[in-house]
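Q: I am new to this structure and would like to learn how to read it. Could you take me through it one feature at a time?

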Amino acid sequence: MNKIKIDPAIADSIKKFTLPDYLGFGQVMGPVMASCTYENGKWSELELLPYGPISMYPNAKVLHYAQEIFEGMKAYRVDGHGPYIFRPDENHLRFNRSAERMAMPHIPFDLFMQANLEVTAYSASCVPKRSGESLYLRPFMFATEEALGIKPSEKFRFMVITSPSGSYFSTGGVSVLIERHGARAFPGGTGYAKAGGNYAASLQAAIKTKQLGFVQTLWLDGKEKKYIEEMSGMNFMAVINNELHTPEINDSILEGITRKSILTLAREAGIKVVERKMDINELILDIKAHRCTEVFACGTAAIIAPIDYLAEETGERIPLRDNEGKMALVLREMLLSIQEGRASDKYNWIVPIEPKHL
Ligand code: COI
């Protein structure tokens, strides 16, 4: 373990923190954060600080050229178990894949783990305890070099902040607008990286989706606008003839850790898993003919969220027969029971954290 510097002020910030009854997603911030910097090819000592504002120069490269990446993972503490963090090693691998794409340095495994584990250990009392709720961890890295030339930054900051969170979707039914015009990503682009810019690029469509009365945007491939990709922040799955179908991974889809875990659990439950290119127009025919009975979104924040209907910009709605998600709910329970420590962790997915106090 590397040495770590702990600001004694975190004790007060933890003491003052109270968990509100309604959490939502990402609205309440936990009282502790971790921070370290990268300069001259080296990472500094990790620090734990009270959650609060940070300062940087207005010419920090991240503010101009968006050299920024992030991750999302969760710590669970339900029924007196935990906290448990779910598959942080996978988040670390993906963080470094994103870092490479965005010309940023790798973060060593030990540093990434220590930052997330220590923040969780000191924040144990802030992890919500109702099933489905958790402490959402948000590790992120951004370019801090003060210069306006378009060159990769040589200085970075890595941080972990937390947010005690409940359900991602506040409304019951999730509706999805098929985005037939814009594109989120292209072959050779940055779509597979968890880079802030990808999410910024999805927001104009998010406004349109909301204005038309729908909840999420479904992105198609950038070239032909034909094959389903993902939902910015969630992967997409469909139950067709009782098999689980999902778009195969390519460089414009973010490879979800929840996606990967669900595919493992589905195979374990004897469900046939098909990863393939999914033509949106074929899927619509399958839904109309009731070959496709349910579709759902999956991701760290959303866990598994059944979708009520797909929609076109014309206002046409394509409802799902099993819009409450029969298979989706079975898979959700299989996943959540492992994440919450209620089922045996046969894949070694969870990392138990020993709570710490100052
Ligand atoms: C996550 O599930 O962690 C995500 O990345 C979605 C987030 C952008 C809200």
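A: Happily! Let's start with a single residue: at 0% relative accessibility, Ala266 counts as buried, because the cut-off for that word is under 20%. Do keep in mind that this is a predicted model.

Q: Where does Ala266 sit, and which residues beyond its sequence neighbours is Ala266 in contact with?

A: Ala266 belongs to helix 7, which covers residues 257-268. Leaving aside neighbours within four places in sequence, Ala266 is in contact with Leu244, Ile271, Val273 and Leu331. For a sense of scale, you can also look from Ala266 to Asp7: they are 259 residues apart along the chain, and their C-alpha atoms are separated by 45 Å.

Q: How should I read groups of buried residues?

A: In soluble globular proteins, nonpolar side chains tend to be buried together. Here the largest nonpolar core has 48 residues, and Trp43, Ile69, Met141 and Phe158 have the most contacts inside it. Helix 4 (residues 109-122) gives the most to this core, with eight residues.

Q: Why does this core lie between domain 1 and domain 2?

A: Both domain 1 (4-166) and domain 2 (174-339) give residues to this core, so the core lies between them.

Q: What is Ile69 in contact with, leaving aside its neighbours within four places in sequence?

A: The list is Phe95, Ser98, Ala99, Met102, Met104, Phe140, Met141, Lys194 and Ala195. There is also a second, separate core of 26 residues, which includes Phe169, Leu220, Met234 and Ile318.

Q: How do I read the meeting of two domains?

A: The size of an interface is often given as the accessible area lost when the parts come together. In this model, domain 1 and domain 2 bury about 2000 Å² between them, with 60% of it on carbon and sulfur atoms. On the domain 1 side, Phe86, Arg94 and Arg101 lose the most area to domain 2, together 32% of what that side buries.

Q: How many residues does the contact take from each domain, and what distance separates the domain centres?

A: Taken over C-alpha atoms, the centres of domain 1 and domain 2 are 27 Å apart. The contact takes 22 residues from domain 1 and 21 residues from domain 2.

Q: Which polar features cross that interface?

A: Eleven residue pairs are in polar contact across the interface of domain 1 and domain 2, and one salt bridge is found there as well. As for the elements on the domain 1 side, those giving two or more residues are strand 5 (68-70), strand 6 (73-76), strand 7 (84-86) and helix 3 (88-101). Helix 3 gives the most to that side, with six residues.

Q: Now for salt bridges: how many does the structure hold, and what should I look at in each?

A: The structure holds 22 salt bridges. For each one, find the two side chains, then ask how accessible the partners are. Take Glu90: its side chain meets that of Lys260 in a salt bridge (2.9 Å, N to O). The side chains of Arg87 and Glu90 also meet in a salt bridge, at 3.8 Å, N to O. Arg87 counts as buried at 9% relative accessibility, and Glu90 is buried too, with a relative accessible area of 14%.

Q: Are the partners Glu275 and Arg267 buried or partly exposed?

A: Glu275 is partly exposed, with a relative accessible area of 36%, and Arg267 is partly exposed at 46%. Their side chains meet in a salt bridge (3.5 Å, N to O).

Q: What parts of the chain does the pair of Lys346 and Glu268 link?

A: The side chains of Lys346 and Glu268 meet in a salt bridge (3.5 Å, N to O). This pair links distant parts of the chain, 78 residues apart: Lys346 is in the loop between helix 9 (326-339) and strand 18 (350-352), while Glu268 is in helix 7. At 53% relative accessibility, Lys346 counts as exposed, whereas Glu268 is partly exposed at 38%. Elsewhere, salt bridges that share partners join Asp21, Arg130 and Glu133 into one network.

Q: Could we finish with a residue in a loop? Where does Ser202 lie, and is Ser202 buried or exposed?

A: Look in the loop between helix 5 (196-200) and helix 6 (203-211) to find Ser202. Ser202 counts as buried, at 7% relative accessibility. Its side chain reaches the backbone oxygen of Tyr199 at 2.7 Å. Leaving aside neighbours within four places in sequence, Ser202 is in contact with Trp219 and Ser232.

Note on methods. Residues are numbered from 1 along each chain as its sequence is written. This is a predicted model: local features need pLDDT of at least 70, side-chain atom pairs count only at pLDDT 80 or more; totals for chains, interfaces and linings use all residues. Side-chain values use heavy atoms; hydrogens and water are left out. A nonpolar core is a set of buried Ala, Val, Leu, Ile, Met, Phe, Trp, Tyr and Cys residues joined through side-chain atoms within 4.5 Å. Buried means under 20% relative accessible area, exposed over 50%, partly exposed in between (1.4 Å probe, protein chains only). Helices (H or I, at least four residues) and strands (E, at least two) are DSSP runs, numbered from the N terminus. Domain bounds come from an automatic or database domain assignment. Contact means heavy atoms within 4.5 Å. Buried area is the accessible area (1.4 Å probe) that two parts lose on being put together, summed over both. A salt bridge is a side-chain nitrogen of Lys or Arg within 4 Å of a carboxyl oxygen of Asp or Glu. A polar contact is a pair of N or O atoms within 3.5 Å; within protein, one must be able to donate a hydrogen and the other to accept it, and residues adjacent in sequence count only if both atoms are side-chain atoms.
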